Each structure stands twice: as C-alpha cells, then as structure tokens.
Amino acid sequence: SYRVVSRRLACGDVEGRLEAIFGRVRAIQAKSGRFDMLLCVGNFFGSTSEAEWAEYRTGAKKGKGGGRTAAAALCRALWHSQGCVCVPAGRRGVYSGCSGLQIAYLSGTEAQQQPEPAHCFSAKDVTELKTSLLSAPNFRGVDILLTSPWPRDVGTFANSAGEIDTKKCGSKLVADLAASLKPRYHFAALEKTYYERLPYRNHMVLQETPQHVTRFIALADVGNTSKKKYLYAFSIVPMSSMDPAELVKQPQDVTENPYRKLRKEAPKSKAPLSAEEEPACQFFFDLNKHQGRKRPSEGKERGDSQPKQAKKPPQPTGPCWFCLASPEVEKHLVVSIGTHCYLALAKGGLSPDHVLILPIGHYQSVVDLSSEVLEEVTKYKAALKEFFRSKGKRYVLFERNYRSQHLQLQVIPVPLDLCTSEDIKEAFITQAQEQQIELLEIPEHSDLAQVAQPGMPYFYVELDTGEKLFHRIRGRFPLQFGRCVLASEALLAQPQRADWRQCAAQRPEEAAQARAFRQDFEPFDFSLRD
C-alpha cells in the first residue's frame, strides 16, 4: 500500500532567535536533506523586534525552513513557502495535512485567572479540542500533539527527568488532553531542558485492545549555553496509512501510562452501561460461546444442579513448614484458626503486625484453592482490612508462586498518612521496570484464576481497595521482590528489613508479639464467632 513518510523537525523555545533557528535548520538540511516541516513549541517570539519580525512576515527575509512552523506558544502556525507567510489564528486547533498526518495543538500556558488572558488556555479550550476530535467515528488518536507546558505527572513510571519534578511541573489540563488524544508524539518546552520519556502505553493490558504508544519529548531553548538539545528530527507515517498491526507494536522499553489515574476517573462521569452494553473488554468472559455473559460452570452447562464434592488438597511430598498439621509449623506464631485457613505472624516480619494468610491444607497457590478455602481467604482479607483501618493503616498483600510449595499470602500494613494507594502501585511498577519485570494491572473484581492457570509461576500484589498487579514469571525472579519494594524509601523506608533472615527475633519475643496481635485482632476475628 502507498505510504507517505514525512520528515519533521521539532524545536523548543525559539524566544525570538529567528536567525539562530533558521541558520541551524539550513545547516541540517544541507547535511541531511530536506525536511517537510518545522514544529516549534514553547515561547516563540520572545523579545524579537517588530522590524525583524516584519522582514520575515513580508518575505524580505525567508526562513527557508522548507515547510511549516507551528508556534504553539502563541497560537500561530507559520507557513514558509516561496517567501509567503500564512498566520492562521486560534488558541487550539487541528492541522490535517494532505498526507493524512494529523497535528493537534494547544497554545499558551494554563490560565490562572478568569477571564483568561489571550496567551493562555482554559479548561474550556481543552474540552472543545477533545470534543472536536473524539467525536470523529473510529478515532484512535492523533499523530502529533504540540503544547507549550509539560503535562503534569508525565514522569510517573518513567526514566528520570533530571532536576524537573514532574509531580509539580506542568499542567493537569495538558495531561488530560494527552490522555484523551493519545498522540504518537507529544512535544513540549518551557522548562529549558531536554527530556525524552520512555514510550508509554495507551491501553490497559489484558483489558483493552492493544493501541499505539506515545513518545513524549521536551525540548530546550534555542541556542542555550548548556548545549541541551533543542531540535529533534524524526520521520513519521500518518496513522491513517499504517498497517494496524505495525501501528500497535509495543517497544521493549514501553511503560505504563503516566495518566492512568486520569483515565480511570474519566468513565465515572459517564452514564452507567445497561446490561446489553456490558463492555467486551472483560477479558475473562468467553466471548466465543456466550458473548457478554460470564462462563457458566460445567454443572450449569449440563443442567446438573447437584453441588460438587469438595476437592481434597494434594498431600505434600515432604515436610512442609506451613501445613497446620505438620510438626514443622511454628505454632507459637499462629494468631487465628478458621475452618479452612489460618493466620500467623510472619517470621522476621517487616513490622510486628506483618501477617500471613495460609490454607490449613496443602495448596501451592491461590489459583489451586477450592471455592470453600477461597471464600475463607476473602473473609480473612475483609477482617484484616477492617482491623488495620481501625489502626490508621491500609494493607498490601502479595503472593509469589515461584520456588514455594505452600501458599503464603503476605499481608503488610502501611500507615494511611505515609502514602496513598497510587503511591504504592507506582512504587511496585517503577521498581519492577527497573528490574525488567512487567507488572500489569488487572481488573479489581476479577478472579486471579482468570489470568493464571494452575502450575503457572506468577507474582501478584493486591491492595485493600481490590486493585491488583500481576506478573507472569517466565524465568528467574527475585525472591524478596515484594518485600524489598515495601521496605524501600518510597514506602516504609526500612531498607535494612528487606531480608526476613536479618529480622528474625528470639522465640519468646515472637510469642509475645503473637499474643499481642491475637488480643488486638480478637474483635475482628470471625473464626471466634462462626
């Protein structure tokens, strides 16, 4: 099929240095050949004299940039062609080239007052730009987005932005725009530095159809003395001309979407779906046999309403430290015993109230549990949530089904005033990426057995909100990963306690801690009432 490859140059704050930028572009074109377009973001005019600007505007001076200059900072697209300069006005807009390339731009900086000054944009501008694009049938995204400010939080899950604090820098409105428009390239400036973020996904893995990635690039100011990069050359084929499979290819260094929280909040404003409109992205439905309905059990499929016999757990092949009937169990750590599960303090715990939920019988992982055992695990999680919340804490639970023979659900409380649930997820995802571990978010109300088969090695994290992160282990995996993340400076700030063997206490101290926990937990312990 016919495809138009376009060669572009993107530029940071020009600040009126027109001779400098056009001279640099001429030098690049002399060496590398003609570029089709020069896109400028940030502060374009600076202190340029009216006389100098008039010379370019009238054609007395020619930029000879070989194409178009979009001055996003002042809502201008400057077209240099045979000495002619076209200056269409507008605070925001979309440029669609004859090749099909689509460029969205938002000019100026975010307004801090009403009515907003001419050089600022407002929430209304962002909404109208989004509406104009998202209302198009089969909208997938734009090829390029030009803004002056950085989007707020763009550094989340990403490589470092140096001295720029991306949690405080930039505009939330720009972040919202980028999350909605899903540009393949997003250029910004104003911070006097160069930053090329790792590409990020525009879909939720396992929940949404794969989509293209976004590359965010911030550029420095033209002619800066620190020699920071202010020109970025790239080639692009319009999205409309690309093979869909090629478009959605995911590079190896792709990260989670930094605006995931914004994307999650967006659907809350929409009307609830009717039963007929249940989204097909629920990957745990059998869409081939029963479209839009959950898979029935085999018994229901046959019309057999008789209850199944409870499956007995497999027997351990050797001594097991966690089967409750085993002589190896350190019973002085046990703090609650139910019908199918029990609760015990962790040996060498991260904190005195670090506990384990364990099946009484011998099960290797959560996906191997019978429905009765799983039901009691859920009851223990609910009781622990209520207990820890009464203490001003939230729990983080994780399981490592790798090089272990008996299921251990590690439950570690984290003070509510220390970090949010988003901070916890960010810490796990960021530290996973540093170790080339792909930790994916899965639906809050999904069953782990819907993404993991019995016998499959995996690691998963669950917050007391029901949010889950999952990694399928295909090779080696750091045994202390979950504990290391929680002990890190980002969360509990106790890195010296990352290895349980360095934290083991004497038996009398362990027994005293267990007695204290048992007494504290008693009002929440359903096993004492059932």
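Here, a residue is called buried if its relative accessible area is under 20%. Keep that cut-off in mind for the legends below, and remember that this is a predicted model.

**Figure 1. Let's start with the whole chain, with its 11 helices and 22 strands.** Of the chain's 530 residues, 50% count as buried. The accessible surface adds up to about 26,600 Å², and carbon and sulfur atoms own 50% of that. Now think about who touches whom: take the contacts in the chain with a separation of 6 or more, and 69% of them are between residues 24 or more positions apart.

**Figure 2. Here we zoom in on the largest nonpolar core, a group of 36 residues.** Leu-343, Ile-357, Leu-384, Leu-448, Phe-470 and Phe-517 have the most contacts inside this core. Which elements give two or more residues to it? On the strand side they are strand 16 (341–345), strand 17 (355–359), strand 18 (393–401), strand 19 (409–415) and strand 21 (458–463), and the helices are helix 8 (371–390) and helix 11 (507–521). Helix 8 supplies the largest share, 7 residues. There is also another core, apart from this one, with 28 residues, including Val-414, Ala-432, Leu-463 and Ala-487. As background, nonpolar side chains in soluble globular proteins tend to be buried together.

**Figure 3. This close-up puts Leu-343 in the middle and shows its contacts.** If we skip the neighbours within four places in sequence, the residues in contact with Leu-343 include Leu-333, Val-334, Val-335 and Ser-336. Val-355, Leu-356 and Ile-357 are also among its contacts. Further along the chain, so are Tyr-380, Leu-384, Phe-517 and Phe-521.

**Figure 4. Next up is Thr-255, in the loop between helix 5 (244–247) and helix 6 (260–265).** Is Thr-255 buried or exposed? Its relative accessible area is 1%, so Thr-255 is buried. The side chains of Thr-255 and Arg-197 are joined by a polar contact of 2.9 Å. Leaving out neighbours within four places in sequence, Thr-255 is in contact with Phe-157, Gln-433 and a run of residues made up of Arg-197, Leu-198, Pro-199, Tyr-200 and Arg-201.

**Figure 5. Now for some rings: the whole structure has 23 aromatic pairs, and this view shows two that involve Phe-387.** The ring centres of Phe-387 and Phe-388 are 5.2 Å apart and the planes sit at 50°, so this pair is tilted. Phe-387 and Phe-388 are both buried. What kind of pair do Phe-387 and Phe-524 make? Their centres are 5.5 Å apart with the planes at 65°, so that pair is edge-to-face. Phe-387 belongs to helix 8 and Phe-524 to the segment after helix 11, so to speak two distant parts of the chain, 137 residues apart, linked by this pair. Phe-524 is buried, just like Phe-387.

**Figure 6. More rings here, plus a charge over one of them.** Ring pairs tie Phe-398, Tyr-402, Phe-428, Phe-459, Phe-477 and Phe-481 together into a cluster. In another spot, Arg-7 lies over the face of Phe-35, 4.1 Å from the ring centre.

**Figure 7. This set of views is about backbone angles worth a second look.** Most residues other than glycine have a negative phi, and most peptide bonds are trans. The bond joining Gln-114 and Pro-115, however, is a cis peptide bond, with omega about -10°. You'll find Pro-115 in the loop between strand 8 (109–110) and strand 9 (120–121). Lys-192 isn't a glycine, yet its phi is positive, at about 60°. Look for Lys-192 in the loop between strand 11 (185–188) and strand 12 (195–196); its relative accessibility is 38%, so Lys-192 counts as partly exposed. Ala-493 also has a positive phi, near 55°. It sits in the loop between helix 10 (481–487) and helix 11, and at 37% relative accessibility Ala-493 counts as partly exposed.

**Figure 8. We finish on helix 8 with Glu-375.** Is Glu-375 buried or exposed? The relative accessibility is 54%, so Glu-375 counts as exposed. Glu-375 and Cys-341 are 34 residues apart along the chain, and their C-alpha atoms are separated by 9.8 Å.

Notes: Residues numbered from 1 in each chain as written. Predicted model: local features only at pLDDT ≥ 70, side-chain atom pairs only at ≥ 80, totals over all residues. Heavy atoms only, no water. Helix = DSSP H or I, 4+ residues; strand = E, 2+ residues; numbered from the N terminus. Buried < 20%, exposed > 50% of the residue type's maximum accessible area, 1.4 Å probe, protein only. Contact = heavy atoms within 4.5 Å. Areas by Shrake-Rupley, 256 points an atom, 1.4 Å probe, with all protein chains shown as cover. Core = buried A, V, L, I, M, F, W, Y, C linked by side-chain atoms within 4.5 Å. Polar contact = N/O pair within 3.5 Å; in protein donor to acceptor, adjacent residues only side chain to side chain. Phe/Tyr/Trp six-rings, centres within 6.5 Å; stacked < 30°, edge-to-face > 60°. Lys NZ or Arg CZ within 6 Å of the ring centre and 35° of its normal.
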